Amino acid sequence: MSQTINLTVNIWRQKNAASPGGFQKYARSAVSTDASFLEMLDELNEELIEKGEEPIAFDHDCREGICGTCGMVINGVPHGPRTLTTTCQLHMREFKDGEELWVEPWRASAFPIIKDLAVDRGAFDRIIRAGGYISINTGSPGDANEIPVPKPLADLAMDAATCIGCGACVAACPNASAMLFTSAKIVHLGAVPQGQAERAQRARHMVETMETEGFGGCTNHGECEAACPKGISVNYIAQLNRDYIKAVAISQRA
Amino acid sequence: MELHANAPTGPIETAWDRHRFEMKLVNPANKRKFTVLVVGTGLAGAAASATMAELGYNVKAFCYQDSARRAHSIAAQGGINAAKNYQGDGDSVFRLFYDTVKGGDFRSRERNVYRLAQVSVNIIDQAVAQGVPFAREYGGLLANRSFGGAQVSRTFYARGQTGQQLLLGAYQALSRQVAAGNVEMHERTEMVDLIVIDGRARGIVVRNLVTGKIESFLGDSVVLASGGYGNVFYLSTNAKGCSASAAWRAHRKGALFANPCYTQIHPTCLPVHGEGQSKLTLMSESLRNDGRVWVPKRAEDVGKKPQDIPEADRDYYLERKYPAFGNLVPRDIAARSAKEACDSGRGVGHAPERLAVYLDFEDAIKRLGQDTIAERYGNLFDMYERITDDNPYKTPMKIYPAVHYTMGGLWVDYNLQSTIPGLFVAGEANFSDHGANRLGASALMQGLADGYFVVPYTMGNYLATAGRELAKTPVTTDHAEVRAAEAAVNARLTKFVNNDGKHSPDYFHRQLGKIMWEHVGMARSREGLEQAIAEIPKLREQFHREVRVPGSGNDFNQTLEKANRVADFMELGELMARDALAREESAGGHFRTEYQTPEGEARRNDEDYAHVAAWEWNGEGNAPTRHVEALDFEYVKLTQRSYK
């Protein structure tokens, strides 16, 4: 049933990457528990605009948990307290009346802050550009049913491909590692027959780009999987490591 | 103005093949001399950018999102149609063509639709080769399911995330071309005007959404793949950033806008929770494969728990009214039937509005088991539970129609070229293939058909034909038209920032949405439309006077972005109402209460309205001009659509 709650929300405000930022305290009253977290922020922003103050900048788009645009750290947890849920799908019924919240942007040196809660995740695009694809031009590949794909492998590819690229894994990791994100693409394309030809160079190039972009290494904390709204498995990182080691060995032989 | 479809004549089965042969080609060595600007990186835009870059053109691609991968195609759930006939259940290119023309209530161009059905099979091949993880059977072959408006199983799917997987396929193809240096990618960059020089589209003015910088990009042609305009209604299933601005600015520069009144209200969305609602969430139509739609037979039962209403007191109204298609009738019919049920006082859900009907899986769970249902729809059930706090495995879902898709869009010919030479329009942004109503799983098909298989060919023909003239008149950013376009954008945005206003852009957008939903929504009448045409200009004027945009234009300013988009919605909304008023018939998603059969079904008027209405902008304050492209039906017989 729909109810209303009162909250104190501390939100990170920062003009741009070069300026220092800090928390600002906002009181919220009569917030509907049916509202989403972002709708709670919308209401606050409307009030700020009416007062002539700059509203809180935050990224969001589909509000259905699939585009991967939204993301903020709520009380220390990327995307907030509910597991397997993006910020836009988090609803205010997850919070108690009178609770105090702390809302911050993703924090990682590879994700520079643009303004307030909005960060630049362009590094993820550059990792994909390094090899997160199958090289096939538009044209006439063979019939789609020519190569059967065993269902378990097709399912594995799909499990990995559900990554939405939101960056919660990086924000959750004490090393700000992008291993979960990168491994999801490695596992997706490595599971299907079409992805085999480029498997070695894909692993090598994506891992190298990950490192030059300034993401840290994996030290098996598992925070990434816990924060992932799509439940991407930390086991994929093992496969990424295997593919990478093999790829390096092959390239040294050549 | 005479509108020429430029579609090849002769037998429809070979029309596209002959057209491809007759079109001029650009020599491989010359392709790199041409620059194509592509606005939008959804299915149509990403596919077109990647393919044209593979061919050798210089491509510059633009999206307002922070990554090309986030375009709203990503949210499409259910699937993509293709006439593969893998199930051997009688499907064919002709049947998909026929179903699409009929589903569109006979208001689309036959030859475009036939081509769409033809290339649908190539899309599946292409996507599988890219590694798109479609659902498969245990034997390893591709699985299919059925969708509304079809009696065959031709829908390919990747769980409830088909749009995501197809978009990632196109995004990855695009990323490969970015890495190869063939595509220059501009994220967080929004098109704010079109540059037309000597009657040809030669560039776009954009705003860098991070720095606020206004700048122009010039080229030899422009592709708009900027999506639909459902957000005119404020509440819709579109992403919050979806806007009509790219298309609307092109319209103001001379591109005709076709059939703006054709909007699709999707029958299965989550009901509104209150005034703070920011968008509506779709529950895939695929749920209607196994879910049964019902309301109580008697109005006095609407407050009861669904479990307490015995079978005999339930009205499975779609199964009752349409026994042949049952719960799988096309979207417009399912949506209108839900509205009728609620209008008759039998709606359920939140009191006092009671704007919901049940979508019940009890029978399917009994028949197939919870595991099978979870495998088919698990992610949708989870999403429903997260939003509503109800468990759909235990209690029926509550659903209600919501604005979802717009069949109208910029007018294009068979080559997908608008009335401005050099301006091509692909995907939802154009009007061409779905007539007055789009069938489920056909948007992904059309976006990818346009992007992978149509625009790259027809663009070659344009550049080969116009190339010499374009080369003779190189354009630089010093050109007077470029300067004028930039100055106009700067003036518009500066006015918003300096306005001594009171309210947020959303404050006005919500009011526009209410007018649109009330009068230009599921049921329209002359009286209501005339009221909308009177109210919208007043609201628009108030918006420009009272909108408040804090902060600076030279900064990341989401309020300014929003104000600029709402300004365009305010103009487009009026055009939609005008188009709906001028179309004195009911067809597909356009239902005029004055024109219905005794059973309450849409009544078309083929004598007077079997045509496309394409509107010409005549400047601010002047009424637009309605032009007509007649539709000829050679292969499909015009009948009253029946799903009984």
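How much area is buried between domain 1 of chain B and domain 2 of chain B, and what percentage of that area do carbon and sulfur atoms give? Keep that in mind as you go through the close-ups below, and remember that this is a predicted model.

**Figure 1. Where domain 1 of chain B meets domain 2 of chain B.** Here's what you came for: the two domains bury about 840 Å² between them, and carbon and sulfur atoms give 56% of it. To find your way around, domain 1 of chain B runs over 266-403 and domain 2 over 498-609. Their C-alpha centres sit 28 Å apart. The contact is made by eleven residues from domain 1 of chain B and eleven residues from domain 2 of chain B. If you look at the domain 1 side, the residues that lose the most area to domain 2 of chain B are B:Glu275, B:Arg336 and B:Lys339, which together make up 53% of what that side buries.

**Figure 2. A salt bridge between the two domains of chain B.** The count of salt bridges between domain 1 and domain 2 of chain B is one. Zoom in on B:Lys514 and B:Glu275 to see a salt bridge, with the closest N and O atoms 3.2 Å apart. There are also three residue pairs in polar contact between the two domains, both partners at pLDDT 80 or more. On the domain 1 side, helix H9 (331-346) and strand S15 (397-406) of chain B each bring at least two residues to the surface that touches domain 2 of chain B. H9(B) supplies the largest share of that side, five residues.

**Figure 3. A close look at helix H9 of chain B.** We've just met this helix at the domain contact, but what does the rest of its surroundings look like? The buried residues of H9(B) include B:Ile333, B:Ala334, B:Ala338, B:Ala341 and B:Cys342. Charged residues are on the list too, among them B:Arg331, B:Asp332 and B:Arg346. The buried residues of H9(B) pack against several strands of chain B, including S11 (263-269), S12 (292-296) and S14 (357-360), and against helix H8 (317-321) as well. S15 of chain B is another of their packing partners.

**Figure 4. B:Tyr595 and its neighbours.** B:Tyr595 is found in the loop between H16 and helix H17 (606-609) of chain B. Is B:Tyr595 buried or exposed? B:Tyr595 has a relative accessible area of 19%, so it counts as buried, since the cut-off is under 20%. Leaving out residues up to four places away in sequence, B:Tyr595 touches B:Glu584, B:Glu585, B:Ser586, B:Glu601, B:Ala602 and B:Arg603. Take B:Glu585: it is ten residues from B:Tyr595 in sequence, yet the two are 5.5 Å apart in space, C-alpha to C-alpha.

**Figure 5. Where chain B meets chain A.** In this view, 81 residues from chain B and 76 residues from chain A take part in the contact. The two chains bury about 6,500 Å² between them, with carbon and sulfur atoms giving 47%. On the chain B side, look for B:Arg70, B:Arg176 and B:Arg386: they supply 11% of the area that chain B buries against chain A, more than any other three residues.

**Figure 6. Polar links between chain B and chain A.** Twelve salt bridges turn up across the interface of chain B and chain A. In one salt bridge, the side chains of A:Asp143 and B:Lys84 meet at 2.9 Å, N to O. The interface also has 50 residue pairs in polar contact, both partners at pLDDT 80 or more. Several helices of chain B give two or more residues to the side that touches chain A, including H3 (43-55), H5 (110-129), H6 (162-179) and H12 (443-472). H6(B) gives the most to that side, with nine residues.

**Figure 7. Chain A and its cysteines.** Chain A has eight helices and seven strands, and its C-alpha trace spans about 65 × 40 × 35 Å along its principal axes. Of its 254 residues, 59% count as buried. How many disulfides are there over all chains? The search finds zero. A:Cys166 is in no disulfide, and the nearest cysteine sulfur, that of A:Cys228, is 6.4 Å away. A:Cys166 counts as buried, at 5% relative accessibility. Why does A:Cys224 not bond to A:Cys218? Their sulfurs are 6.4 Å apart, which is too far for a bond. A:Cys224 is buried too, with a relative accessible area of 11%.

Methods:
Residues are numbered from 1 along each chain as its sequence is written. Chains are lettered from A and ligands numbered from 1 in the order in which they are written. This is a predicted model: local features need pLDDT of at least 70, side-chain atom pairs count only at pLDDT 80 or more; totals for chains, interfaces and linings use all residues. Side-chain values use heavy atoms; hydrogens and water are left out. A disulfide is a pair of cysteine sulfur atoms within 2.5 Å. Buried means under 20% relative accessible area, exposed over 50%, partly exposed in between (1.4 Å probe, protein chains only). Domain bounds come from an automatic or database domain assignment. Contact means heavy atoms within 4.5 Å. Buried area is the accessible area (1.4 Å probe) that two parts lose on being put together, summed over both. A salt bridge is a side-chain nitrogen of Lys or Arg within 4 Å of a carboxyl oxygen of Asp or Glu. A polar contact is a pair of N or O atoms within 3.5 Å; within protein, one must be able to donate a hydrogen and the other to accept it, and residues adjacent in sequence count only if both atoms are side-chain atoms. Helices (H or I, at least four residues) and strands (E, at least two) are DSSP runs, numbered from the N terminus.
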